[in-house]
Amino acid sequence: MMPVGAQNDRLLTLLRVGSIYAPERLEGTDILIADGRIAALGRDLEIPAGWPIRVVEARHLTAVPAFIDQHVHVTGGGGEGGCGTRCPEITAHEIASMGIGTVVGVLGTDSISRSPADLLAKVRGLRAEGISAYMYTGAYRVPPPTLTGDIQRDLAWIPEVIGLGEIAISDHRSSQPRQDEIERLVSDTRVGAMLAGKRGICHFHLGDGKRGLEPLRRLLTDTEIPADQVIPTHVNRHPALLEEAAAYALAFNACVDVTAFEEPGDGLSGFDAVSRLLERGVPPERITMSSDCNGSLPEFDAQGVYLGMKVARNTALIADWQRLVREGVLPLESALGVISTSVARVLGLHDSKGRIAIGFDADVALLDSELQPQQTFVAGKCVYDVDCV
C-alpha cells in the first residue's frame, strides 16, 4: 500500500473492498474517487486504459462512511486546576487512526488562555494535514467569546464556524446564564446560520447541576426555536440525567448527544447510554455519540474544590460503538448513524458527508472483521494506514 502522504492528487483512486455500508449495505464493492469525491460505485468497475489511477486492493475490509466527532477539544481543554492542568492538543494521526474523518473543535472552561482565534488556527492546521475540521464559536461562558465580536458575523463570514458551543448549563463552572440570555444566544445563532446557509446548531454542555435539561425544555416550550437547533451533550453524566434526556428527546422529537466516557466514574459509558435510550423508545436517528477527547475530566469535592483530572481520549468512542454492533444492540447500518450519518444531519453536513454515495465527499473508513479502522480516507486522500504506522 502507498504510504500516507505519498499521493499524486491528479490520480483517480479505486478502492476495491469486500463490502460497502453506505450506511445501508450496497451490492457493489468498488468505489471510484475523483477530485476528492465519490465518482462511481459498482462491482468490477473498469477504467479506460491510460487513465492515471491508483488502485487500493482491500478485499478483506469493509468500507463505511468515515466517522464524525462533533465534540473535540482540538486545542486541548482543562485548566480547572491552573496552567499546569491544560490538556494537550490533538493530532491529525490520533483523529484518523480511529476512522474519524471530520471533527468539530470546541472551547470549554478555559477561553482565557485559549481563544476562538487559537481554535480557528488549529482547525485550519488540521485541514492542512488532511482532516475535515470545523468549529463552534464561543465557549462555556456567556456572553461567549467570538472571532468577530458577534455570533452572527462569525457564522456569516467564517466558513469553518458551523455553530455555537459548548455553552455550559447546569454546571458550577458555567456562567449561570439566565433563561433570556440562553434564548438570545440561540436566536442569534439561528439567524446568523440562516444568513450563511448553515444549520447553526447550539451545542450545550450539561453538568451535574440539579436543573439538568430544564433550561432547554423551557427554550423549546416558550419560543419558536425548533428542536434541531439545540444539541445537549454529556447527557449520560449520571443515570437521572440520562432518564431526563430520554424524556426530552421523546417530548420534542429532539436529538441528544452521548459522551463516550473512558472511566466508569465519569458517567455511564457510551454503550450503556445508547442502549438505555433505545430501551426508553428514543429512535436511533435521534441519538449521537461524541468523544469530548483532549478535554479534561476533572474531579471536584462537594464544595466544588478541584481534586484532580484525567485527559479524555477518543478510543472509547470507537470501542463503545463497536460494542453496540458486536452485542446486537444495533445492526451496523443503524449504528453508523450514531457516529456518522446522523451526526452529519445534525451538523448540517448531510449533503456531503455521512454517506458513501456518488457526489459525496470521499470520506471513507476501511474496517477489518473486528470493526477496527485500518485505513481512513478524507476527500479521497489516505490520511491513516495501519500498515504505515
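Visitor: Is Cys293 buried or exposed?
Guide: In this predicted model, Cys293 has a relative accessibility of 1%. The limit for burial is under 20%. Cys293 therefore counts as buried.

Visitor: Where does Cys382 stand, buried or exposed?
Guide: The relative accessibility of Cys382 is 7%. That value falls under the 20% limit. So Cys382 counts as buried.

Visitor: How many disulfides does a search of the whole structure find?
Guide: A disulfide needs two cysteine sulfur atoms within 2.5 Å. The search covers the whole structure. The number of disulfides found is zero.

Visitor: Which residues make the nonpolar surface patch of about 320 Å²?
Guide: One member, Leu195, sits in helix α4, residues 179-196. Leu195 has 61% relative accessibility, so it counts as exposed. The patch is made by Val191, Met194 and Leu195.

Visitor: How many salt bridges does a search of the whole structure find?
Guide: A pair counts when a side-chain nitrogen of Lys or Arg lies within 4 Å of a carboxyl oxygen of Asp or Glu. The search takes in the whole structure. The total is 20.

Visitor: How far apart are the closest N and O atoms in the salt bridge of Asp30 with Arg16?
Guide: Asp30 and Arg16 form a salt bridge. The pair links distant parts of the chain, 14 residues apart: Asp30 is in strand β3 (residues 30-34) and Arg16 in strand β1 (residues 12-21). Both residues, Asp30 and Arg16, are buried. Their closest N and O atoms are separated by 2.6 Å.

Visitor: Which residue meets Arg173 in a salt bridge?
Guide: Arg173 counts as buried because its relative accessibility is 19%. Its partner is buried too, with a relative accessible area of 7%. The N to O distance is 3.1 Å, and the partner is Asp171.

Visitor: Which helix holds both Arg217 and Glu214?
Guide: The side chains of Arg217 and Glu214 meet in a salt bridge, 2.5 Å from N to O. Arg217 counts as partly exposed because its relative accessibility is 26%. Glu214, at 31%, also counts as partly exposed. The two lie three residues apart, about one turn, in helix α5.

Visitor: Which residues do salt bridges that share partners join into one network?
Guide: Two of the members, Asp30 and Arg16, form a salt bridge with each other. Shared partners bring further residues into the network. The network joins Arg16, Asp30, Glu57 and Arg59.

Visitor: How much space lies in the largest cavity?
Guide: The search of the whole structure finds one cavity of 30 Å³ or more. Its lining holds Ala66, Phe67, Ile68, Gly101, Thr102, Lys353, Gly354 and Asp363. The space in the largest cavity is about 30 Å³.

Visitor: Which elements give two or more residues to the lining of the largest cavity?
Guide: Among the lining residues are Phe67, Ile68, Gly101 and Thr102. The elements in question span 67-72 and 100-105. They are β6 and β7.

Visitor: Where does Pro23 lie?
Guide: A cis peptide bond joins Ala22 and Pro23. Omega for that bond is about 20°. Pro23 lies in the loop between β1 and β2.

Visitor: What is omega for the peptide bond from Gly165 to Glu166?
Guide: Glu166 is found in strand β9, residues 161-169. The bond from Gly165 to Glu166 is cis. Its omega is near -15°.

Visitor: What is the phi of Asp44?
Guide: Asp44 is placed in the loop between β4 (37-42) and β5 (53-65). Asp44 is not a glycine, yet its phi is positive. The value is about 55°.

Visitor: What is the phi of Asp292?
Guide: Asp292 is in the loop between β13 (287-290) and β14 (296-300). At 8% relative accessibility, Asp292 therefore counts as buried. Its phi is positive, although Asp292 is not a glycine. The value is about 60°.

Visitor: What distance separates the C-alpha atoms of Val343 and Asp69?
Guide: Val343 is found in helix α9, residues 332-347. Val343 is buried, with a relative accessible area of 0%. Along the chain, Val343 and Asp69 are 274 residues apart. Their C-alpha atoms are separated by 7.9 Å.

Methods:
Residues are numbered from 1 along each chain as its sequence is written. This is a predicted model: local features need pLDDT of at least 70, side-chain atom pairs count only at pLDDT 80 or more; totals for chains, interfaces and linings use all residues. Side-chain values use heavy atoms; hydrogens and water are left out. Buried means under 20% relative accessible area, exposed over 50%, partly exposed in between (1.4 Å probe, protein chains only). Patches are made of residues with over 30% relative accessible area and no salt bridge: like charges are joined within 9 Å, nonpolar side chains (Val, Leu, Ile, Met, Phe, Trp, Tyr) within 5 Å. Accessible areas come from the Shrake-Rupley method with a 1.4 Å probe; for residues, only the protein chains shown count as cover. Helices (H or I, at least four residues) and strands (E, at least two) are DSSP runs, numbered from the N terminus. On a 1 Å grid over the protein atoms alone, a cavity is a set of points where a 1.4 Å probe fits but cannot get out, and a pocket is an open set with protein on both sides within 12 Å along at least five of seven lines; lining residues have an atom within 4 Å of a point. Grid points are joined across faces, edges and corners, and a volume is the space filled by probe spheres set on the points.
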